Amino acid sequence: MLICKRKVCTAGTVTAFDMQLSALKWKVKNFTDGELYVSAGEWDTKNTVRIGAGTYEIIVDRMPQTGTRKTSRVLYVSTEGDGEVEVMMV
């Protein structure tokens, strides 16, 4: 089963990607013209992953303090530029 969502994001706002299932790994593609920041489980400005414009990253969901694996169903994205973002379960 392919779990994938695309949304048009507005610069400076946090957009929630509520997926159908929880997962350990997510592929996040940035189609905007600026950097974006991703947080898993809940929005946390101190624990985000930065993804450059026109690139993608595989996000592995772990507790930042201990490195313990966890699985989240919701990813939060904040972009510096307007445009489309795609989140896919890996």
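In this predicted model, Trp26 of strand E3 has Met89 as its bridge partner in strand E8. The two strands, E3 and E8 (residues 83–89), pair in the antiparallel sense over five bridges. E3 also pairs with strand E6 (residues 56–60), again antiparallel and joined by five bridges. Within that second pairing, Lys27 has Ile58 of E6 as its bridge partner.

**Strand E3**

In a regular strand the side chains alternate between the two faces of the sheet. E3 (residues 25–30) shows an alternation of this kind: Trp26, Val28 and Asn30 point to one face and are buried. Lys25, Lys27 and Lys29 point to the other face and are not buried.

**The nonpolar core**

The largest nonpolar core has 15 residues, and those that touch the most other members are Phe17, Trp26, Val28, Leu36, Val38, Val85 and Val87. The elements that give two or more residues to this core are strand E2 (14–23), E3, strand E4 (36–40), strand E7 (72–79) and E8. E2 gives the most, with three residues.

Val87 can serve as a view into this core. Leaving aside neighbours within four places in sequence, Val87 is in contact with Ile3, Cys4, Lys5, Phe17, Met19, Trp26, Lys27, Val28 and Leu75. Among these contacts are Phe17, Trp26 and Val28, which are listed with Val87 among the core residues that touch the most other members.

**Met88 in strand E8**

Met88 lies in strand E8. Is Met88 buried or exposed? Met88 counts as buried because its relative accessible area is 18%, and the cut-off for buried is under 20%. With neighbours within four places in sequence left aside, Met88 is in contact with Leu2, Ile3, Cys4, Lys25, Trp26, Lys27 and Lys29. The C-alpha atoms of Met88 and Ile58 are separated by 9.4 Å, and the two residues are 30 residues apart along the chain.

**Salt bridges**

The model has four salt bridges. Three of them are set out below, with the N to O distance of each pair.

| Salt bridge | N to O distance |
|---|---|
| Asp18 – Arg73 | 2.8 Å |
| Lys29 – Glu86 | 3.2 Å |
| Glu35 – Arg50 | 4.0 Å |

The side chains of Asp18 and Arg73 meet in a salt bridge. This pair links distant parts of the chain, with Asp18 in strand E2 and Arg73 in strand E7, 55 residues apart. Asp18 is partly exposed at 33% relative accessibility, and Arg73 is partly exposed at 38%.

The side chains of Lys29 and Glu86 also meet in a salt bridge. Here the link runs between strand E3, which holds Lys29, and strand E8, which holds Glu86, and the two residues are 57 residues apart. Lys29 is partly exposed, with a relative accessible area of 23%, whereas Glu86 is buried at 5% relative accessibility.

The side chains of Glu35 and Arg50 form a further salt bridge. Glu35 sits in the loop between E3 and E4, Arg50 sits in strand E5, and 15 residues separate them along the chain. Glu35 is partly exposed at 26% relative accessibility, while Arg50 is exposed at 55%. Which residues are joined into one network by salt bridges that share partners? They are Arg6, Lys29 and Glu86.

**Val49 in strand E5**

Val49 belongs to strand E5 (residues 49–51). Val49 is partly exposed, with a relative accessible area of 33%. Not counting residues up to four places away in sequence, Val49 touches Leu36, Tyr37, Val38 and Ile59. Two of these, Leu36 and Val38, are among the core residues that touch the most other members. Val49 and Thr10 are 39 residues apart in sequence, and their C-alpha atoms are 18 Å apart in space.

**A nonpolar surface patch**

Tyr56, Ile58, Val60 and Val90 form a nonpolar patch on the surface. Together these residues have about 350 Å² of accessible area. Val90 lies in the segment after E8. Val90 counts as exposed because its relative accessibility is 56%, and the cut-off for exposed is over 50%. Ile58, another member of the patch, is the residue of E6 that has Lys27 as its bridge partner.

How values were computed
Residues numbered from 1 in each chain as written. Predicted model: local features only at pLDDT ≥ 70, side-chain atom pairs only at ≥ 80, totals over all residues. Heavy atoms only, no water. Buried < 20%, exposed > 50% of the residue type's maximum accessible area, 1.4 Å probe, protein only. Helix = DSSP H or I, 4+ residues; strand = E, 2+ residues; numbered from the N terminus. Pairing = 2+ DSSP bridges. Patch = residues over 30% accessible without salt bridge, like charges linked within 9 Å, V, L, I, M, F, W, Y side chains within 5 Å. Areas by Shrake-Rupley, 256 points an atom, 1.4 Å probe, with all protein chains shown as cover. Core = buried A, V, L, I, M, F, W, Y, C linked by side-chain atoms within 4.5 Å. Contact = heavy atoms within 4.5 Å.
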